[in-house]
Amino acid sequence: MVENSTIENSTVDIHTIEIRNLDRDNLTRAYGLDSQRLLPWAALNAPFEGAWCVLRSGDESTPHAHHEYEIFIALTGTAELDVDGTRHDFVAGDVVRLPPGCTHKVVNDTPGDFEYYGIWWDAEMSEGFLARHGQAPETTR
């Protein structure tokens, strides 16, 4: 038996996977690096957003802070992660958790590209996800 779910006036077979390919020829320049955002993606109903990030040799991402929680997953190469003015080695295989409000940037002083995946989320994204699934978020007293 095949189960189906209706999302935005279309029927989606919940047993069908969808693979989204990285389009290296059409990365978007933002925050001082090249990236491909996870959204929009009609088939994906997730409580987070994300981006594949490519930091070219000699580049550094734009320092910024935000209210979302965030993790970075280092995929290829070596770089340094500057968090609130303190630098940390950041190499392929590392995963870092960035708390909301910290100022951060990635610095690539190596001869090769550095690639990582960033995932971020906040309470509003989580609440929206729960609402789409007919569940009310729990409230604290």
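At 15% relative accessibility, Lys105 counts as buried. That residue opens a tour of a predicted model, with stops at its salt bridges, a histidine in a loop, a pocket and the two ends of a helix. Lys105 is a good place to begin, since its side chain has a partner: Glu60 forms a salt bridge with Lys105, and the closest N and O atoms are 2.9 Å apart.

**Salt bridges across the sequence**

- Here is the general idea to keep in mind: side chains of opposite charge can pair when their charged atoms come close.
- How many salt bridges does a search of the whole structure find? The count is ten.
- Let's return to Glu60 and Lys105, whose closest N and O atoms are 2.9 Å apart. Glu60 sits in the loop between strand 5 and strand 6, while Lys105 belongs to strand 10 (residues 104-107), so the pair ties together parts that are 45 residues apart in sequence.
- Glu60 is partly exposed, with a relative accessible area of 37%, whereas Lys105 is buried at 15%.
- Another salt bridge brings together the side chains of Arg24 and Glu115, at 2.9 Å from N to O. Because Arg24 is in the loop between strand 2 (10-13) and strand 3 (28-30) and Glu115 is in strand 11 (residues 114-121), this pair links parts that are 91 residues apart in sequence.
- Are Arg24 and Glu115 buried or exposed? Arg24 is partly exposed, with a relative accessible area of 45%, but Glu115 is buried, with a value of 9%.
- Asp59 and Arg29 also meet through their side chains in a salt bridge, at 3.2 Å from N to O. Asp59 lies in the loop between strand 5 and strand 6 and Arg29 in strand 3, so they tie together parts that are 30 residues apart in sequence.
- Both partners count as partly exposed: Asp59 has 23% relative accessibility and Arg29 has 47%.
- Look a little further and you will find a network: salt bridges that share partners join Arg29, Asp34, Arg56, Asp59 and Asp113.

**His66 and its contacts**

- Where does His66 lie? You can find His66 in the loop between strand 5 (49-55) and strand 6 (69-76).
- The side chain of His66 has a polar contact of 2.9 Å with the side chain of Glu70.
- A polar contact of 3.5 Å links the side chains of His66 and His104.
- Setting aside neighbours within four places in sequence, His66 is in contact with Pro100, Gly101 and His104.

**The second largest pocket**

- The second largest pocket holds about 460 Å³ of space.
- Its lining is made of 23 residues, and those nearest the centre are Tyr31, Ala51, His64, Glu70 and Trp120. Glu70 may sound familiar, as its side chain is in polar contact with that of His66.
- Strand 3, strand 4 (33-37), strand 5, strand 6, strand 10 and strand 11 each give two or more residues to this lining.
- Which element gives the largest share of the lining? Strand 4 does, with four residues.
- By type, the lining residues of this pocket divide into ten nonpolar, nine polar and four charged.

**The two ends of helix 1**

- At the start of helix 1 (residues 123-132), Asp122 has a side-chain oxygen that reaches to within 3.2 Å of the backbone nitrogen of Glu124.
- Just after helix 1 comes Gly134, which takes a positive phi of about 70 degrees.

Note on methods. Residues numbered from 1 in each chain as written. Predicted model: local features only at pLDDT ≥ 70, side-chain atom pairs only at ≥ 80, totals over all residues. Heavy atoms only, no water. Polar contact = N/O pair within 3.5 Å; in protein donor to acceptor, adjacent residues only side chain to side chain. Contact = heavy atoms within 4.5 Å. Salt bridge = Lys/Arg side-chain N within 4 Å of Asp/Glu carboxyl O. Buried < 20%, exposed > 50% of the residue type's maximum accessible area, 1.4 Å probe, protein only. 1 Å grid on protein atoms, 1.4 Å probe; cavity = no way out; pocket = protein on both sides within 12 Å on 5 of 7 lines; lining within 4 Å. Points joined across faces, edges and corners; volume = space filled by probe spheres on them. Nonpolar A, V, L, I, M, F, W, Y, C, P; charged D, E, K, R; others polar.
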